[in-house]
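Student: I am new to this structure, and I would like to understand how the words used for it follow from the values. Could we go through them slowly, one term at a time?

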Amino acid sequence: MPLTRSFRETVQARARRDVKFRQALLAEAMQALLDGDLEEGRAALRSCINATVGFEKLGDALGRSPKSLMRMFGPSGNPTAENLLGVISLLQDETGVRLRVRAVADAA
């Protein structure tokens with residue numbers, strides 16, 4: 001039996017109505033990046049972009065080609081710090097989520 005809604009549409013709908021879900025999408029991406037798992041971090045950011053602002057609007061806001069941004073956050077992408085931080089800033093503004101970094105003592 002075919003699904004009536006695509007997975008992307010379902011995620012987008014939930015992201016629009018659920019602030020905790022938006023927070024979780026961004027938090028997952030940021031934690032992966034901070035843990036040094038760049039591939040997972042890029043993939044999570046790509047999912048967050050698709051679920052919230054979309055690459056077209058992101059490209060307009062950053063003055064970048066949407067295709068270029070898609071490549072940056074693809075499996076072999078390598079966004080510059082400027083692009084990465086610009087995307088994170090815009091995602092915070094668009095989703096109404098504020099990220100804070102907090103130092104936590106290592107338990108080891």
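Tutor: Let us begin with a cut-off: a residue is called buried when its relative accessible area is under 20%, and exposed when that area is over 50%. Please keep in mind throughout that this is a predicted model.

Student: What makes Phe73 a buried residue?

Tutor: The relative accessible area of Phe73 is 1%, and this value is set against the limit of under 20%, so Phe73 counts as buried. Phe73 sits in the loop between α5 (66-72) and α6, and, once neighbours within four places in sequence are left aside, Phe73 is in contact with Arg42, Ala43, Leu45, Arg46, Ile49, Phe55, Pro79, Leu84 and Val87. One of these partners, Arg46, is 27 residues away along the chain, yet the C-alpha atoms of Phe73 and Arg46 are separated by 5.8 Å.

Student: Phe55 is in that list, so how do you know whether Phe55 is buried or exposed?

Tutor: The same test applies: Phe55 has a relative accessible area of 5%, which is under 20%, and therefore Phe55 is buried. Phe55 lies in helix α4, and, apart from neighbours within four places in sequence, Phe55 is in contact with Arg46, Ile49, Asn50, Pro66, Leu69, Met70 and Phe73. Between Phe55 and Pro66 there are 5.2 Å from C-alpha to C-alpha, although the two are 11 residues apart in sequence.

Student: Why is Arg22 called buried?

Tutor: Its relative accessible area is 15%, and since the cut-off is under 20%, Arg22 is counted as buried. Arg22 belongs to helix α2, and beyond its neighbours within four places in sequence it is in contact with Ala15, Arg16, Arg17, Thr52, Thr95 and Val97. With Ala15 there is also a closer description to give, for the side chain of Arg22 reaches the backbone oxygen of Ala15 at 2.6 Å.

Student: What makes that approach of the Arg22 side chain to the backbone oxygen of Ala15 a polar contact?

Tutor: A polar contact requires a pair of N or O atoms within 3.5 Å, one able to donate a hydrogen and the other to accept it. The value for Arg22 and Ala15 is 2.6 Å, so the distance falls within that limit.

Student: And Phe21, which is found in helix α2 as well: why is Phe21 called buried?

Tutor: Phe21 has a relative accessible area of 17%, and because this is under 20%, Phe21 is buried too. Not counting residues up to four places away in sequence, Phe21 touches Val11, Arg14 and Ala15. Val11 and Ala15 are themselves among the buried residues of helix α1 (residues 7-17), and what covers the buried residues of α1 includes α2 and α3.

Student: Why are α2 and α3 called roughly antiparallel?

Tutor: Helix α2 (residues 19-34) and helix α3 (residues 38-51) pack at an angle of about 160 degrees, with their axes 7 Å apart. Angles over 145 degrees count as roughly antiparallel, and therefore α2 and α3 are given that name. Their crossing is left-handed, and the residues that meet there include Leu25, Leu26 and Ala29 in α2 and Leu38, Ala44 and Leu45 in α3. By class, this contact has 11 nonpolar, one polar and three charged residues.

Student: How do you know that α3 is oblique to α6?

Tutor: The axes of α3 and α6 come within 11 Å and cross at roughly 40 degrees. Roughly parallel needs an angle under 35 degrees and roughly perpendicular needs 65 to 115, so an angle between those ranges makes α3 oblique to α6. Leu45, Cys48 and Ile49 in α3 meet Leu84, Val87 and Leu91 in α6, and the contact has six nonpolar, no polar and no charged residues.

Student: What makes α4 and α6 roughly perpendicular?

Tutor: Helix α4 (residues 55-62) and helix α6 (residues 81-95) pack at an angle of about 115 degrees, with their axes 11 Å apart. The range for roughly perpendicular is 65 to 115 degrees, and therefore α4 and α6 are described in that way. Here the crossing is right-handed, and Lys57, Leu58, Ala61 and Leu62 in α4 meet Gly86, Val87, Leu90 and Glu94 in α6.

Terms used: Residues numbered from 1 in each chain as written. Predicted model: local features only at pLDDT ≥ 70, side-chain atom pairs only at ≥ 80, totals over all residues. Heavy atoms only, no water. Axes fitted to C-alpha atoms, helices over the stretch in contact; angles between N-to-C directions. Helix = DSSP H or I, 4+ residues; strand = E, 2+ residues; numbered from the N terminus. Left-handed = near helix turned anticlockwise from the far one by under 90°. Contact = heavy atoms within 4.5 Å. Nonpolar A, V, L, I, M, F, W, Y, C, P; charged D, E, K, R; others polar. Buried < 20%, exposed > 50% of the residue type's maximum accessible area, 1.4 Å probe, protein only.
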